[in-house]
Amino acid sequence: MNSDTLQTPYFYIRETGLDTDAAILKEALSKNWGPNHLVGYSVKTNSLPWLLQYMKGQGFFAEIVSDTEYRLVKKLGFDNAHMIYNGPIKEKEIFNSILLDGGYINIDSTEEPIWLEELSAAYPQRNFSVGVRVNCDIAALCPEEVLVEEEGGRFGYCYENGRLEEVISRINRLPNVKVAGLHLHSSTQSRTVSVYAALASMAVRIAEEYNLELSYVDMGGGYFGGREDKPDYRDYFYAICKELRRKFDPTRTTLIAEPGVSLISRATTFVTSVKDVKEIRNHSFLITDGSRTNLNPLVTRHVYPHHMVYVDEPEKRPVIKSQWVTGFTCMEYDRLFEIKDGPAMKPGDKVVYDTAGGYTMCLNPLFIHYFPPVYVEHRDGTLFKTRDQWDVDEFMQKNYIEERDFHE
Ligand SMILES: Cc1ncc(COP(=O)(O)O)c(C=O)c1O
């Protein structure tokens, strides 16, 4: 298989790119905290089975947030002890079995403390450890930080209004359940290093205020990675560990990271081709076989890092003032970016989107076209198709036209 002849559109993962960020992460954790750390790869970010297997090979745990993700990672060989179960809605059966098997759980809801009370009573001779997800006022801690939502985060138990203290006291009343961890994942748009330092100092403050002896601090995900113009794990964990060391002993408290997009951005591209060039009044539209639905299903992105691969010499082409790269869908909003004063694009030219791996491959809507294929370039340069193009058969599976076709 040769990458020049692959039919677009497709995602392309370079294994050496993944290796680079996994190594930077491990080194940043070891250097700043020592060996007592663990990584839970955020499964939702990209749950491609090959990628999950890769993360398992790196020794990473699976950070999951649903029963579906639980069954997926189970199928791929992760055991309960190597899972971190997060999220606002959990399944009681999975919750119990992960706790009984010594996996990590960060509670986040009204019902989980009740499940803990039941578990504590059902297994009086066993001891259980849980983490508690913290919700704190990031806007007050870091006024410059650009939040994802103006009114602040909705996950975890609120520090400022006393809900966090309440849930900790409630768990402390159970003889065999310990608040062993704090979970501080907080998504912000600006992902600055200083917000992580502030979150780490919150962990110190909460542990002191509520007299907690923590066996872990989970800093969550949300880091930049694989981008030359942004901070990376080395910057984040230097700042985090500096704060945490004020209170926690790295030999007794495990530092947990739950990276997603930062681990896979560098390695992944989405390759598309120009299929048509249309002149409409004074505008030039390039119709490509990729779409905003492939790259930005959440419609949150404003920039699409990319590069071009031209079918012939672009220097010999006329320069066009404005060309709009658009997608294959029939939606007007499916416009990706404008090329200003660039060489006239032609059918066959490729638009290759860089850093395209997070929240895309699996978050692709099944809209007009189905999931594009995914290729992996192995370390030795060989190519492997890890996901085939989804077609009508995949789309029609588990669909029944008539009642009598349905078999439970
Ligand atoms: C609890 C938790 N951990 C980790 C992540 C991974 O975040 P990212 O992909 O931004 O690193 C997320 C993403 O929302 C999350 O909710």
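1. Let's start with polar contacts between the two domains. In this predicted model, nine residue pairs are in polar contact between domain 1 and domain 2, both residues of each pair being at pLDDT 80 or more. On the side of domain 1 that touches domain 2, the strands β17 (374-377) and β18 (383-387) each supply at least two residues. By type, the residues of that side comprise seven nonpolar, six polar and three charged.

2. It helps to know where the domains lie along the chain. Domain 1 is made of two stretches, 3-10 and 267-396, while domain 2 covers 14-264. Their centres, taken over C-alpha atoms, are 34 Å apart.

3. Next, who touches whom? On the domain 1 side, 16 residues make contact, and they meet 19 residues of domain 2. Together the domains bury about 1,500 Å², with 56% of that area on carbon and sulfur atoms. Three residues are worth finding in the viewer: A267, Y359 and R379 supply 43% of what domain 1 buries against domain 2, more than any other three residues.

4. Charged pairs deserve a look too. How many salt bridges does the rule find across the interface of domain 1 and domain 2? There are two.

5. Finally, do go back to R379. Besides being among the three residues that supply 43% of the area domain 1 buries against domain 2, R379 forms a salt bridge with E15. The closest N and O atoms of R379 and E15 are 3.4 Å apart, and the cut-off for a salt bridge is 4 Å, so the pair qualifies.

How values were computed. Residues numbered from 1 in each chain as written. Predicted model: local features only at pLDDT ≥ 70, side-chain atom pairs only at ≥ 80, totals over all residues. Heavy atoms only, no water. Domains from an automatic or database assignment. Contact = heavy atoms within 4.5 Å. Buried area = accessible area lost by both parts, 1.4 Å probe. Salt bridge = Lys/Arg side-chain N within 4 Å of Asp/Glu carboxyl O. Polar contact = N/O pair within 3.5 Å; in protein donor to acceptor, adjacent residues only side chain to side chain. Helix = DSSP H or I, 4+ residues; strand = E, 2+ residues; numbered from the N terminus. Nonpolar A, V, L, I, M, F, W, Y, C, P; charged D, E, K, R; others polar.
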